[in-house]
Amino acid sequence: MSAPAADSHGRFVSYLRLSVTDRCNLRCSYCWSCHNMRFLQHGDILTYEEMLECIGAASELGISKIRLTGGEPFVRKGVMGFIEAIRRDHPAMDVRLTTNATLLEGVPRCLAELGVRRINISLDTLDPETFLRITGRDFFGRVRTAIDDCLEAGLRVKVNAVAMRGVNDHELGAFLDLARALPIDLRFIEHMPMGDAVPWNPAEFWSAEDILVEASRLAELEPLERDKESSGPARVFSIKGGAGRLGLISPLSNHFCGTCNRLRITADGRLRTCLFSDTEYRLRPALRGRGACRGRLARIMRRALKTKPVGVELLRARKLGAPVALRRMQAIGG
Ligand code: SAM
């Protein structure tokens, strides 16, 4: 392996989020907008072989953890075979997934057999009607069953909820009850103003600080030491008498750009060094040109890394109306 790559702020990357498709079977109101909606053409989406090349190049930069995301990773055919191929080619790579868990019937056991240990499940409400309102689909039961199936298969489960005042804040008690009953990591993520034409209502912003105050009234919380394996950018708390834990992710109110270790690759092979920056580096020409491409890819990645920004400044500008952070989450992968 070559030397790990640092950016101009001295940050090292070790974590790649790879979007396997921009398509999703849900229509979450905060993530998606039908205005000017265009999905990628089939030929623009990287093949799994091309994605494996990207992973190979990224591992030369020091990437040791990869998260498959989307769109919804499980709407793309052959994703299990792809995971198997990653595990075969990179046995030491920590492979994780972020999913809406609506298509997981029979899948958790197979994931465990492939050596996947951790899965993030997005679930913003515990009420089937609110679920239908947020996502446009009546799939709450599927997701709830999938959480149990993942736990039964021995996977570590994070349940990620986007925090939205007036939408799911009244469910905080129910979420805490879930984290008392099940050994899950419950995470509230501040709603980020991302994507062109995706509605952003400042009145809906429910800050991590407010969640902490409100959760502390409902449960006895104890702050936990940051655990590199599972905390990520979250502040994590134990819940007295509970099997699970509560985590708060505050990209806006208390950002973690200073320790950001992430790269992202979109399904059409665009490298992003920051979730909030619209600067993208096209990997497809290197992948589809002539000759061996891994070295070329690694060079592009190293060059891109030099300009990795401190993204929260962009996000704050967006909150004030600046035209940045325009690519939609479903196209980036979160
Ligand atoms: N379909 C998968 C899923 O639902 O987890 C993966 C893709 S989805 C874009 C990844 C994560 O981004 C989800 O947890 C989703 O809730 C989150 N997300 C999307 N838009 C967001 C926003 N504006 N602010 C905060 N989180 C957002």
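Q: Which backbone oxygen lies 3.1 Å from a polar atom of the Ser19 side chain?

A: A polar contact is a pair of N or O atoms within 3.5 Å; within protein, one must be able to donate a hydrogen and the other to accept it, and residues adjacent in sequence count only if both atoms are side-chain atoms. Here the backbone oxygen is that of Thr21. The model is predicted: local features need pLDDT of at least 70, side-chain atom pairs count only at pLDDT 80 or more, and totals for chains, interfaces and linings use all residues. Residues are numbered from 1 along each chain as its sequence is written, and side-chain values use heavy atoms, with hydrogens and water left out.

Q: Is Ser19 buried or exposed?

A: Buried means under 20% relative accessible area, exposed over 50%, partly exposed in between (1.4 Å probe, protein chains only). Ser19 counts as buried because its relative accessible area is 0%.

Q: What is Ser19 in contact with, beyond its neighbours within four places in sequence?

A: Contact means heavy atoms within 4.5 Å. The partners of Ser19 include Met51, Thr69, Gly71, Ile265 and Ile332.

Q: Which polar atoms of the protein lie by the ligand's oxygen and nitrogen atoms?

A: The same polar-contact cut-off applies. A side-chain N or O atom of Tyr30 is 3.0 Å from a ligand oxygen, and one of Ser122 is 2.5 Å from a ligand oxygen. For Met192, a backbone N or O atom lies 2.8 Å from a ligand nitrogen.
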